[in-house]
Amino acid sequence: MTHFGSWIEQVGTRNIVDHLSGDPATAITRDAIYKWLQGHQPNPDRAIALVELSEGALSLDDIYAHRRELLQRSQSGPSQ
């Protein structure tokens, strides 16, 4: 699991949705979070809000590296 994925699992999708729903520019759904976990990337405003919410546990690089790591894993095949 990536650092970003681990953080989402630790914090929980409901908590993330609740924290980001206060601002229309960052409001999201749980479905959006699941798409991020599949490799879609949050827009910059949401990514910055996630970094702030994490209180230093995440960086923008952690968020955007998530997709790269997923792609690398899919290209290398199943782990043994």
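Colour the protein chain by secondary structure to begin: five helices and zero strands appear, where helices (H or I, at least four residues) and strands (E, at least two) are DSSP runs numbered from the N terminus. Read from the N terminus on, the elements follow the order α-α-α-α-α. The model on screen is predicted, so local features need pLDDT of at least 70 and side-chain atom pairs count only at pLDDT 80 or more, while totals for chains, interfaces and linings use all residues. Residues are numbered from 1 along each chain as its sequence is written, and side-chain values use heavy atoms, with hydrogens and water left out.

**The whole chain**

Before selecting any residue, align the view with the principal axes, along which the C-alpha atoms of the protein chain fill a box of roughly 45 × 25 × 20 Å. The radius of gyration of the protein chain is 13 Å, which agrees with the value near 12 Å that a compact globule of 80 residues would have; this radius is taken over C-alpha atoms, and the globule rule is 2.2 Å times the number of residues to the power 0.38.

Switch next to a surface, of which the protein chain exposes about 5,200 Å², with carbon and sulfur atoms supplying 49% of it; these accessible areas come from the Shrake-Rupley method with a 1.4 Å probe, and for residues only the protein chains shown count as cover. Of the 80 residues, 29% are buried, a class that means under 20% relative accessible area, with exposed over 50% and partly exposed in between (1.4 Å probe, protein chains only).

If a contact map is at hand, 44% of the contacts with a separation of 6 or more join residues 24 or more positions apart, a contact being heavy atoms within 4.5 Å.

**The nonpolar core**

Now select F4, I16, I28, I33 and L50, which have the most contacts inside the largest nonpolar core, a set of 14 residues. Helix 1 (3–11), helix 2 (13–20), helix 3 (30–38) and helix 4 (44–54) each supply at least two residues of this core. The term covers buried Ala, Val, Leu, Ile, Met, Phe, Trp, Tyr and Cys residues joined through side-chain atoms within 4.5 Å. In soluble globular proteins, nonpolar side chains tend to be buried together.

Centre on I28 from this group and display what surrounds it: leaving out residues up to four places away in sequence, I28 touches I16, V17, L20, I33, W36 and R46.

**Helix 4: R46 and I48**

Follow that last contact to R46, which is found in helix 4 and counts as partly exposed because its relative accessibility is 22%. With residues up to four places away in sequence again set aside, R46 touches A25, T26, A27, I28 and W36. A distance monitor from R46 to R68 should read 18 Å, C-alpha to C-alpha, for a pair 22 residues apart in sequence.

I48 is also found in helix 4 and, at 40% relative accessibility, counts as partly exposed. Its C-alpha lies 9.3 Å from that of T26, and I48 and T26 are 22 residues apart in sequence.

**The loop and helix 5**

Move on to E55 in the loop between helix 4 and helix 5, where a relative accessibility of 74% makes E55 exposed. Inspect its backbone too, as E55 has a positive phi of about 55° although it is not a glycine. Most residues other than glycine have a negative phi.

Then select D62, found in helix 5 and partly exposed, with a relative accessible area of 22%. Apart from neighbours within four places in sequence, D62 is in contact with H3, F4 and A57; D62 and H3 are 59 residues apart in sequence and 6.5 Å apart in space, C-alpha to C-alpha.

End the tour at H66, which lies in helix 5 (residues 60–76) and counts as buried at 3% relative accessibility. Not counting residues up to four places away in sequence, H66 touches T2, F4, G5, W36, L37 and G39.
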